[in-house]
Amino acid sequence: KRTLFVAWKDFSQCFIAEDFIAIKFESSKYRFVTKYSEEKEAQILEAFKEAGKTDLIKYLKVEDGKMSLR
């Protein structure tokens, strides 16, 4: 297991899909990717809300071979 401390200013994107959640950091080569669960989504939403960063969250959906973000 690894621990990486990232300042909120370095969070650049968060993607939530039906099977994974991914977080991208601005100044790091690392990405955080985890298997989707409702509990993880709720935890991430709460953390981003407390940090005032909910604008970074995008929902990724794939239907009929087409990808959409909202």
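Two strands count as paired if DSSP finds at least two bridges between them, and with that in mind you can begin the tour of this predicted model at its first hairpin, which strand 1 and strand 2 form with 3 residues between them.

**Before you select anything**

If your viewer can colour by confidence, do that now: the chain has a mean pLDDT of 91, and 99% of its residues reach 70 or more. Confidence is lowest in strand 5, residues 66-69, where the mean is 86, and it is highest in helix 1, residues 38-50, where the mean is 96.

**Stop 1: the strands**

Select residues 11-16, which make up strand 1, and then add strand 2, residues 20-25. Strand 1 and strand 2 pair in the antiparallel sense, over 5 bridges, and if you pick out isoleucine 16 you will find isoleucine 21 of strand 2 standing opposite.

Next, add strand 3, residues 31-35, which runs antiparallel to strand 2 and is joined to strand 2 by 5 bridges. Here phenylalanine 20 stands opposite lysine 35, and strand 2 and strand 3 form a hairpin with 5 residues between them.

Now return to strand 1 and add strand 4, residues 57-63; strand 1 and strand 4 pair in the parallel sense, over 3 bridges. Which residue of strand 4 is the bridge partner of isoleucine 16? The partner is tyrosine 59, while in strand 2 isoleucine 16 stands opposite isoleucine 21. As you look along the strands, keep in mind that in a regular strand the side chains alternate between the two faces of the sheet.

**Stop 2: serine 12**

Select serine 12, which is found in strand 1. Is serine 12 buried or exposed? Serine 12 has a relative accessible area of 16%, and because buried means under 20%, serine 12 counts as buried. Leaving aside residues up to four places away in sequence, serine 12 touches Lys24, Phe25, Glu26 and Leu56.

**Stop 3: the aromatic rings**

Show the side chains of Trp8, Phe11, Phe25 and Phe48, which ring pairs link into a cluster. The structure holds 4 aromatic pairs. One of them is the pair of phenylalanine 11 and phenylalanine 25, which is edge-to-face, with 5.0 Å from centre to centre and 90° between the planes. Phenylalanine 11 lies in strand 1 and phenylalanine 25 in strand 2, so this pair ties together parts that are 14 residues apart in sequence. Phenylalanine 11 is buried, with a relative accessible area of 15%, and phenylalanine 25 is buried as well, at 7%.

From the rings, move to tyrosine 59, the residue you met in strand 4, and show arginine 70 with it: arginine 70 lies over the face of tyrosine 59, at 4.8 Å from the ring centre.

**Stop 4: charged pairs**

Side chains of opposite charge can pair when their charged atoms come close. How many salt bridges does a search of the whole structure find? The search finds 2 salt bridges.

For one of them, select lysine 9 and aspartate 10, whose closest N and O atoms are 3.5 Å apart. Lysine 9 is exposed, with a relative accessible area of 65%, whereas aspartate 10 counts as buried, at 16%. Then select lysine 61 and glutamate 63, whose side chains meet in a salt bridge at 3.8 Å, N to O. Glutamate 63 is partly exposed, at 48% relative accessibility, and lysine 61 is also partly exposed, at 45%.

**Stop 5: two loops**

Select threonine 54, in the loop between helix 1 and strand 4. Threonine 54 is partly exposed, with a relative accessible area of 45%, and, leaving aside residues up to four places away in sequence, threonine 54 touches Phe48 and Lys49. If you measure from C-alpha to C-alpha, threonine 54 and glutamine 13 are 9.7 Å apart in space, although they are 41 residues apart in sequence.

Finish at aspartate 64, in the loop between strand 4 and strand 5. Most residues other than glycine have a negative phi. What is phi of aspartate 64 near? Phi of aspartate 64 is near 50°, a positive value in a residue other than glycine. Aspartate 64 counts as exposed, with a relative accessibility of 81%.

Methods
Residues numbered from 1 in each chain as written. Predicted model: local features only at pLDDT ≥ 70, side-chain atom pairs only at ≥ 80, totals over all residues. Heavy atoms only, no water. pLDDT = per-residue confidence, 0-100. Helix = DSSP H or I, 4+ residues; strand = E, 2+ residues; numbered from the N terminus. Buried < 20%, exposed > 50% of the residue type's maximum accessible area, 1.4 Å probe, protein only. Contact = heavy atoms within 4.5 Å. Salt bridge = Lys/Arg side-chain N within 4 Å of Asp/Glu carboxyl O. Phe/Tyr/Trp six-rings, centres within 6.5 Å; stacked < 30°, edge-to-face > 60°. Lys NZ or Arg CZ within 6 Å of the ring centre and 35° of its normal.
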